[in-house]
Amino acid sequence: MSSSVPPSGSSGSASGYAHDPYPTRYVTESVPVGRSHPVVWSGAPGAGGPLDADELASYDRDGFLAFQDLLTPHQVAACDAEIRRIGGDRALRGTERVVLEPDSEEIRSVFEVHALSEVFADVVHSDALAGIARQILGSEVYIHQSRVNYKAAFEGSRFGWHSDFETWHSEDGMPAPRALSMSIALTENMPFNGPLMIIPGSHRTFVPSIGETPDDYHKLSLLGKNLPAGSADRAGVTALAERHGIRQFTGAPGSAVMFDCNCLHASSGNTSPFPRTNLFVVYNSVENPLGVPYAAPRPRPGYLANREVTPVPRQGRSPGR
């Protein structure tokens, strides 16, 4: 691989690695790297969680699992009321937790929603979600990030191809890809309102990004336009898509997709008259805490990358899937 030396203090010093196994941004060429860590960390298939052996094998192979009804209708209704309340909070709009669309005053994202709403806190702390994350990641888990993405009717902009782990590694100091996301539909996700797309199998290949990370880059990168760093290399995306194809995820409110943090994913803009609003929650292993950023001047704010490793408490009852 063609690369330069990582920025001072950012090459694995906080993670315990002698070198960075996933070099990005400080590299001069995007040469894909094979994943050097497990996908499923829980040991014996089917043990210690709600997923069976076939589901674990599918996740290990593809990097994702889809669920038709991860949330109950009651939970969806409560979340719907909360997204309307939060979206209408004028005081909240003045904070950095809220990101507006680059070309309108519509809300694009609201971060750390589990700290803003007991309803969302109950959902992300529930055994129905956290129990699955514990099984996949093979440890207790904590909330790395939560957010609601409001992809407004007519105005919702695209999210380009990227790996979340590339950002969390370079900008947050996440050592290993031992984290996963759950994208939960709160409105119907349809083929024409910008649903999530994932390249199956891409979680096993790390595609580096070219371009240094500017100071306070999150203020620009969250808008998703004309980004100097963080976007997946197009040649790498093309090669993986030609090899594995692209999967699009649609579904009714309450449906969800869980995906590995290194999956290449994207979504198109929403020019339809139907909004697409999803809850995202990211679980990280308590054994994979954030350290010094590998390729950024300083860590991102806590509402984007939680550095308080507080395990999600176990509720002591069946997830009820």
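Two strands pair if DSSP finds at least two bridges between them. Keep that in mind for this tour of a predicted model.

**Stop 1: the sheet.** Select the seven strands that make up the open sheet. Trace them in the order 2-11-7-13-5-4-3. The pairing is antiparallel. Now look to the edges, where strand 2 (64-67) and strand 3 (98-100) stand. Each has a single partner strand, so one side of each is left without a neighbour in the sheet. Turn the view to follow the twist, which averages 15° from one strand to the next.

**Stop 2: strands 7 and 11.** Select residues 179-185, strand 7, together with residues 256-260, strand 11. The two run antiparallel, joined by five bridges. Pick out I184 in this pair: opposite it, in strand 11, stands A256.

**Stop 3: the helix on the sheet.** Add helix 1, residues 53-62. Helix 1 packs on the sheet and touches strands 2, 7 and 11. Compare its direction with that of strand 2: the angle is about 130°.

**Stop 4: L65.** Return to strand 2 and select L65. Is L65 buried or exposed? Its relative accessibility is 9%, and buried means under 20%, so L65 counts as buried.

Next, show what surrounds the residue. Leaving aside neighbours within four places in sequence, L65 is in contact with L51, E55, S58 and Y59. A256, V257 and M258 complete the list of L65 contacts. Finish with a distance from L65 to M258: C-alpha to C-alpha, the two are 5.3 Å apart in space, yet 193 residues apart in sequence.

How values were computed: Residues are numbered from 1 along each chain as its sequence is written. This is a predicted model: local features need pLDDT of at least 70, side-chain atom pairs count only at pLDDT 80 or more; totals for chains, interfaces and linings use all residues. Side-chain values use heavy atoms; hydrogens and water are left out. Helices (H or I, at least four residues) and strands (E, at least two) are DSSP runs, numbered from the N terminus. Axes are lines fitted to C-alpha atoms, for helices over the stretch in contact, and angles run from 0 to 180 degrees between N-to-C directions. Contact means heavy atoms within 4.5 Å. Buried means under 20% relative accessible area, exposed over 50%, partly exposed in between (1.4 Å probe, protein chains only).
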